[in-house]
Every structure is written in C-alpha cells, then in structure tokens.
Amino acid sequence: MASAADVERLFLQSVLSRGMVSKKLAQTLWERSIAAVKAANDALNIPHPRPEDGWNNFLSKVNKSLDKLDLEFRHLHDETSGKEMYALVNRKGDDIAQVATDYTPAEIAFFKAIVEQIMMAPREAFSVSSLGALRELNAIKSSMSKTQAEIVLASFVSRDWLLKSKRGRYSLSTRSLLELLPYLKSTYPDELLECTICMEVVTRGVACYTNNCKTRMHNHCFANFRRRHSACPSCSKEWPRESTEKLLPVGEGAAREGEDGKRRVRLKSADPSDDEEEEDMDEDEHSQQTEIQPERKTRPSRQASRTNARYNDNSMVIDEHDEDEDEDAHRQNPQRNRRSSRR
Ligand SMILES: [Zn+2]
Ligand SMILES: [Zn+2]
C-alpha cells in the first residue's frame, strides 16, 4: 500500500536519474511524486501547502532521511545563470575519488591535477587552458597518451564536471562546485572565495577594484545589489553607474593569454622543493603584473579574502534562512564582515 513516505522515495529516484536539477524541475518532480502516490492510494491525505513553505519542509524531511547515509540534497546557484540548482551529494566527499566514482584512479589523478590548476590560477582566473590541462599529465607522471587524455577531458566536460569555454579554457561546473565543495574547502581554504552578497562560493563574477577590498560577487548578485546600492558593501567606495566594466573580473576574464607557461602548485610544508616552486612562480607572476597590469598588484591576497569560518566547516549545509540573515545583517552593517588583510 502506498504511503506518504513513498513520495520521498519516488522523488529521490527521479532526481538520481537526472543528476543535477533546477529548483523548478525539482519541484515539478516533487509534485509528480505526490500525484503518483495519491493515484495509488486515494485515501492518503498528503498535505500540499504553500509552495515555498511546503518545499522547504519537504527538503528538510528528505535531508533528515538522507542524513544517516551521509548524503544530502544540496543546492547552489549556478554562477552563470543565477539559477538555483539541486543535486544529491556525498556529504563526506572530501576526496575526489569518493565523488567521481565512475573514473579510474589514473583519470581521477588527472582530474585532481586539473582542479589544482583551476584553483591555483593566477589573479583569481579559476580556469586553465587546454594546454595547461594536458601538461598536467607530465606533472603527475601519467602513462596516459595525449589522445587518451583528450578523450578523458572531453568526458569531464560531457559528464558536467568541467566547463569548457569558447576560448578553450576549463573551469569548474556547478556540479563540481556542489559535489566537491567539502574537498575544495579542505584542500584550498586560501583560494576558495565567497560571494560577499550570497556567501556562496564564487569562481566567476567581479571584484571591487579598491586596494585590498575583499568584495567578490557573482554577476547576478552584483546586478541585484546594484539596483539598491551604489557603493561597495565592504569599502563603501561608490562604484561607477554604467556597468560592471570597471570592476575586476573573477574567473576566465582575469586570465591572460600565454600565462599557462607556468604551473602553480599548492605549498606542501613536508616537501621543501614544492615551496620553492610556488615562491618562484609567485615572483614571476608579480614581475609580470608590474609590467603589464600594475593595478592588479594591489588586489588583496587570497588569504585576506578567504571564505569565512562558516564555509570552512566541512559539514556545511547551505541554509536558506542563514543566508538571508547574513545578507540582512550585512546590509545593515556593511563593515561587520570586513576582514583584515595580510598586507
Ligand atoms: Zn553571490
Ligand atoms: Zn570595495
């Protein structure tokens, strides 16, 4: 006999078969699940309250059921469209191998190396060129041929782990950000940036141009914010009216051609040779900045604009209510979240 619990089961089944779904589709699947269960047992009285309340209640019920399996039906806004996306994710996914389970160890090592180049990209470009991605094969001493690697890269794109731009640069997809967030937070705490407006992770958007200002925003968050405010929420500097033009790009827009001649790696204190590599590259990069784009030198270190403590909690649950509160508090007291700079 069908029962109300079947709604959850049907819903999760239909979500699983689709991977990542928009909020609108998720709500449609939920309604269809209710209809299917009601059709099987007409006597059932399944409440169908106001859409938003009903949806949030349903989500917390679903997540309560998933909790013991360390799974979560998590949501994140797509950084390009601003659309709210949902996916069932492994909450203990602090290692890529636990998340991208359909790849071989060699392919996962390749993926990890690409993620590293994306996260360590200079000037918050959060992307890597095809050349830079393929070069990682040597760095990880992979036995994969270039042709094999190109096929694997294409499958990372077709399975929605990576995005490939018209310029041919790879960046992290919404799916990757949703599923790999615990891994990214624990591996790249200094590189991972948070949107000043919505507090979600930001890998494409804009940054305030004031020296050492920590404001980073998704384009859609900036557009919404701009309708009501004219000054930066962190440094209070008035932004020009016209457009986002004068703000600094975060993401591919910040990448320069020919920059992939160098690779950057994470500092590993246990291995002094790695330290050297990173320092050498930093120096190199600074000299280039002075030469080509001196204003970029004034951008705060990533450490200064690192994500806040809430984001560094590995058991992060994005809570709509929390976000709203944060945003409100932020508006009332824009200085509250100002973080000190290392410089
Ligand atoms: Zn945002
Ligand atoms: Zn600012």
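Helix H8 carries a kink of about 70° at Leu-180, shortly before the proline Pro-182. The bend at a residue is taken here as the angle between axes fitted to the seven residues ending there and the seven starting there. The model is predicted, and local features were considered at pLDDT of at least 70 and side-chain atom pairs at pLDDT 80 or more, whereas totals for chains, interfaces and linings use all residues. Residues are numbered from 1 along each chain as its sequence is written, with chains lettered from A and ligands numbered from 1 in the order in which they are written.

H8 spans residues 174-187, and its 14 residues reach 18 Å from the first C-alpha to the last, close to the 20 Å expected at 1.5 Å a residue (the expected span being 1.5 Å times one less than the number of residues). The helix is mostly covered, with eleven of its 14 residues buried. A residue counts as buried if 20 or more other C-beta atoms lie within 10 Å of its own, as exposed if there are 12 or fewer, and as partly exposed in between, with C-beta atoms placed from the backbone. Among the buried residues of H8 are Leu-180, where the kink lies, and Pro-182.

Some figures for the whole chain help to place this helix. The protein chain comes to twelve helices and nine strands, where helices (H or I, at least four residues) and strands (E, at least two) are DSSP runs numbered from the N terminus. Buried residues make up 33% of the 343 residues. Of the contacts with a separation of 6 or more, 60% join residues 24 or more positions apart; a contact requires C-beta atoms, placed from the backbone, within 7 Å.

The stretch leading into H8 is also well worth a look. Ser-173 lies in the loop between strand S6 (169-172) and H8. Ser-173 is buried because 24 other C-beta atoms lie within 10 Å. Apart from neighbours within four places in sequence, Ser-173 is in contact with Asp-160, Trp-161, Leu-162 and Leu-163. Trp-161 is twelve residues away along the chain, yet the two C-alpha atoms are separated by 5.6 Å.

S6 itself is covered on both faces: Arg-169 and Ser-171 on one side, and Tyr-170 and Leu-172 on the other, are all buried. In a regular strand the side chains alternate between the two faces of the sheet. Strands are said to pair if DSSP finds at least two bridges between them. S6 pairs in the antiparallel sense with strand S4 (residues 128-129) over two bridges, and Ser-129 has Arg-169 as its bridge partner. Strand S5 (residues 162-164) is joined to S6 by three bridges, again antiparallel, with Leu-163 partnered by Ser-171. S5 and S6 form a hairpin with four residues between them, and Gly-168 in the turn has a positive phi of about 85°.

A second hairpin is formed by S2 and S3, with six residues between the strands and a positive phi of about 80° at Gly-82 in the turn. These two strands pair antiparallel over seven bridges, one bridge pair being Leu-76 and Met-85. They belong to an open sheet of three strands with the order S1-S3-S2 and antiparallel pairing. Its edge strands, each pairing on one side only, are S1 (21-22) and S2 (71-77). S2 is nonetheless mostly covered, with six of its seven residues buried. On the other side of the sheet, two bridges join S1 to S3 (residues 84-90), and Val-21 stands opposite Tyr-86.

Another open sheet of three strands has the order S8-S7-S9, also with antiparallel pairing. Here the edge strands are S8 (216-217) and S9 (248-250). S7 (residues 205-207) pairs with S8 over two bridges, and Val-206 stands opposite Met-217. Leaving out residues up to four places away in sequence, Met-217 touches eight residues' worth of surroundings that include Cys-195, Val-206 and Phe-225.The largest nonpolar core links several of these elements. Such a core is a set of buried Ala, Val, Leu, Ile, Met, Phe, Trp, Tyr and Cys residues joined through C-beta atoms within 7 Å. Of its 70 residues, Ile-114, Ile-118, Leu-178 and Met-217 touch the most other members. Helix H5 (residues 105-119) gives the largest share, seven residues. The core draws at least three residues from each of domain 1 (5-69) and domain 2 (89-343), with bounds that come from an automatic or database domain assignment.

Definitions and conventions. Contact = placed C-beta atoms within 7 Å.
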